[in-house]
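Please open the model in your viewer and keep the selection tool at hand. The tour goes from one selection to the next, and each stop says what to look for.

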Amino acid sequence: MPELPEVEALRDFLTEHLTGREIVRVLPVAISVLKTYDPPLTALEGRRVAAVHRHGKFLDVETADGPHLVTHLARAGWLHWKDRLPSGMPKPGKGPLALRVALETGAGFDLTEAGTQKRLAVYVVADPQQVPGVARLGPDPLADDFDEARFAALLDGERRQLKGALRDQSLIAGVGNAYSDEILHAAKMSPFKLAASLTDTETARLYAALRGTLTEAVERSRGIAAGRLKAEKKSGLRVHGRAGEPCPVCGDTIREVSFSDSSLQYCPTCQTGGKPLADRRMSRLLK
């Protein structure tokens with residue numbers, strides 16, 4: 001799933017390629033992707049793009065004196081930029097294409113979604129706060145006013161494990177499964193540690209890991225074309241998706257804990273005092 005660094009890189013890319021350009025056609029190929037109906041998609045046509053914003057993992061294309069096109073790419077969605085869009089109308093139900101946006105220049109972008117779990121979402125709204133997922137977002141961890149004191153206040157009394165707390169979009173916007181693993185590895189903390197149990201020193205360490213990990217990922221992604229961002233994300237990850245490989249810090253074997261629809265990866269030496277965490281799914285299979 002694209003997370004804050006990749007969506008921020010897409011925002012940068014689209015700012016350069018969309019701002020000031022006129023949208024001439026918006027073609028819904030998979031109707032299920034559209035989550036709003038008023039204003040209609042046609043309200044975007046004939047308007048110039050004023051700015052591109054990011055809200056957590058949401059992309060927001062703002063038109064001049066018109067509505068916003070807000071997109072959440074979900075787990076398997078992506079944005080593909082084309083300097084020259086194909087001619088002709090795309091056929092509904094054929095392939096992963098969900099939505100096409102065409103500009104006056106002949107360029108534009110496609111939104112696609114692989115797999116069978118169709119969660120890609122597109123909204124056309126007068127105000128991004130009308131999108132429920134945007135309205136419930138917590139603070140952006142890279143915002144100038146997101147300091148250590150604010151982070152500590154968010155975690156104060158938080159009874160959940162760190163992994164779950166970091167992924168909660170209403171607590172902190174933009175961090176998902178991959179970067180929560182990376183942040184906890186950088187902070188040398190167990191994903192199962194309770195947020196409320198952190199000392200002041202540990203909170204400071206986790207804050208530094210949060211800001212540092214995301215800032216580094218954004219810088220790695222900056223200037224990279226949209227089509228190469230997925231590969232860049234994977235190459236920069238130290239533990240996530242690398243179960244069985246050596247930890248780049250200490251050399252211990254990276255372990256995994258599996259859940260029904262996801263998994264986490266961690267280093268026992270760096271994060272859990274050398275003790276492997278119980279893999280609940282595997283434990284059930286062995287009974």
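Begin by selecting the buried residues of helix 6 together with what covers them, which includes helix 1, helix 3 (148-155), helix 4 (162-167), helix 5 (177-187) and helix 7 (229-236). Helices here are DSSP runs of H or I with at least four residues, strands are runs of E with at least two, and both are numbered from the N terminus. The model is a predicted one, in which local features need pLDDT of at least 70 and side-chain atom pairs count only at pLDDT 80 or more, while totals for chains, interfaces and linings use all residues. Residues are numbered from 1 along each chain as its sequence is written, and side-chain values use heavy atoms, with hydrogens and water left out.

Now select helix 6 alone, residues 200-221, whose 22 residues reach 32 Å from first C-alpha to last, close to the 32 Å expected at 1.5 Å a residue (the expected span being 1.5 Å times one less than the number of residues). Its buried residues include Leu206, Leu210, Leu214 and Ala217, where buried means under 20% relative accessible area and exposed over 50%, with partly exposed in between, for a 1.4 Å probe and protein chains only. Why do the buried residues lie on the same side of helix 6? They cover an arc of only 160 degrees around the axis, which puts them on that one side; the arc is that of the directions from the helix axis to the C-beta atoms. On the other side of helix 6, Asp200, Thr201 and Glu216 are exposed.

Next, select the eight strands, which form an open sheet in the order 5-7-6-1-2-3-4-8 with antiparallel pairing; two strands pair if DSSP finds at least two bridges between them. The edge strands are strand 5 and strand 8, each pairing on one side only. Strand 5 and strand 7 are joined by six bridges in the antiparallel sense, and His80 has Asp110 in strand 7 as its bridge partner.

Finally, select Leu14, Leu18 and Phe109, which have the most contacts inside the largest nonpolar core, a set of 33 residues. Such a core consists of buried Ala, Val, Leu, Ile, Met, Phe, Trp, Tyr and Cys residues joined through side-chain atoms within 4.5 Å. Helix 1 gives the most to this core, with six residues. Leaving aside neighbours within four places in sequence, Phe109 is in contact (heavy atoms within 4.5 Å) with residues including Leu14, Leu18, Leu79 and Trp81.
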